[in-house]
Amino acid sequence: EAQVQEYNPSAPCYFETYAKGFIGHTVFRAEAHVAYFDYDIEINRIVREDGSQSIPLKHEYPYHVFCFAEDDWSIQAASAASASPNYVQPAIPRKVSFASTS
């Protein structure tokens with residue numbers, strides 16, 4: 001947990017990449033379209049710090065699970081049939097910060 005950081009996306013343990021998972025190794029995801037609704041996500045593997053591979057989780061072992069939330073409103077708004085004359089496309093989707101996950 002102490003190695004997780006949110007400042008350098010190319011460095012190991014970048015919060016967003018680490019929480020979202022690595023394609024081919026670990027990706028546990030739920031599209032949450034309903035507010036205030038509980039979602040179950042089954043996690044059965046953990047990725048190595050360098051992202052090179054993953055291993056099965058150990059039974060009865062304490063893990064810290066990180067969640068990452070990203071609002072895709074900007075993606076949906078950009079593909080709308082008609083846009084408001086006041087609409088300005090944001091550069092990136094709004095994302096949760098690592099500090100707010102503690």
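How many of the 102 residues of the chain count as buried, in percent? The figure is 19%, and it comes from a predicted model.

**Figure 1. The whole chain, from one end to the other, is built of two helices and four strands.** Start at the N terminus and read along: the elements run α-β-β-β-α-β. Helix H1 covers 15-20 and strand E1 covers 45-47, strand E2 takes 54-56, and strand E3 takes 70-71. The accessible surface adds up to about 8400 Å², and carbon and sulfur atoms own 53% of that. Now look at the contacts with a separation of 6 or more: residues 24 or more positions apart account for 41% of them.

**Figure 2. Val34, Phe37 and Tyr39 make a nonpolar patch on the surface.** The patch comes to about 290 Å². How open are two of its members? Phenylalanine 37 has a relative accessible area of 52%, so it counts as exposed. Tyrosine 39 has 31%, so this one is partly exposed. To place tyrosine 39 along the chain, look in the loop between helix H1 and strand E1.

**Figure 3. Two rings of that patch, phenylalanine 37 and tyrosine 39, also meet as an aromatic pair.** The chain has two aromatic pairs in total. In the pair shown here, the ring centres are 5.2 Å apart and the planes stand at 70 degrees to each other, which is an edge-to-face arrangement. Those are the usual two things to quote, as a pair of aromatic rings is described by the distance of the centres and the angle of the planes.

**Figure 4. Glutamate 42 sits in the loop between H1 and E1.** Tyrosine 39 belongs to this loop too. With 74% relative accessibility, glutamate 42 is exposed. Find arginine 29 as well: 13 residues separate it from glutamate 42 in sequence, and their C-alpha atoms are 9.2 Å apart in space.

**Figure 5. Tyrosine 18 is the shared partner in two distances, one to valine 47 and one to aspartate 50.** Valine 47 is part of strand E1. Is valine 47 buried or exposed? Its relative accessibility is 8%, so it counts as buried. From valine 47 to tyrosine 18 it is 29 residues along the sequence, with 8.1 Å from C-alpha to C-alpha. Aspartate 50 lies in the loop between E1 and E2. Its relative accessible area is 49%, so aspartate 50 is partly exposed. Aspartate 50 and tyrosine 18 are 32 residues apart in sequence, and 9.7 Å lies between their C-alpha atoms.

**Figure 6. Glutamate 60 has a positive phi, near 55 degrees.** Why point that out? Most residues other than glycine have a negative phi. Glutamate 60 is a residue other than glycine, yet its value is positive. Where is it? Look in the loop between E2 and strand E3. Glutamate 60 is exposed, since its relative accessible area is 83%.

**Figure 7. Lysine 58 places its charged end over the ring of tyrosine 61.** Follow the side chain of lysine 58 to its charged end, then look for the centre of the tyrosine 61 ring: 5.1 Å lies between the two.

Technical notes:
Residues numbered from 1 in each chain as written. Predicted model: local features only at pLDDT ≥ 70, side-chain atom pairs only at ≥ 80, totals over all residues. Heavy atoms only, no water. Patch = residues over 30% accessible without salt bridge, like charges linked within 9 Å, V, L, I, M, F, W, Y side chains within 5 Å. Areas by Shrake-Rupley, 256 points an atom, 1.4 Å probe, with all protein chains shown as cover. Salt bridge = Lys/Arg side-chain N within 4 Å of Asp/Glu carboxyl O. Buried < 20%, exposed > 50% of the residue type's maximum accessible area, 1.4 Å probe, protein only. Contact = heavy atoms within 4.5 Å. Phe/Tyr/Trp six-rings, centres within 6.5 Å; stacked < 30°, edge-to-face > 60°. Lys NZ or Arg CZ within 6 Å of the ring centre and 35° of its normal.
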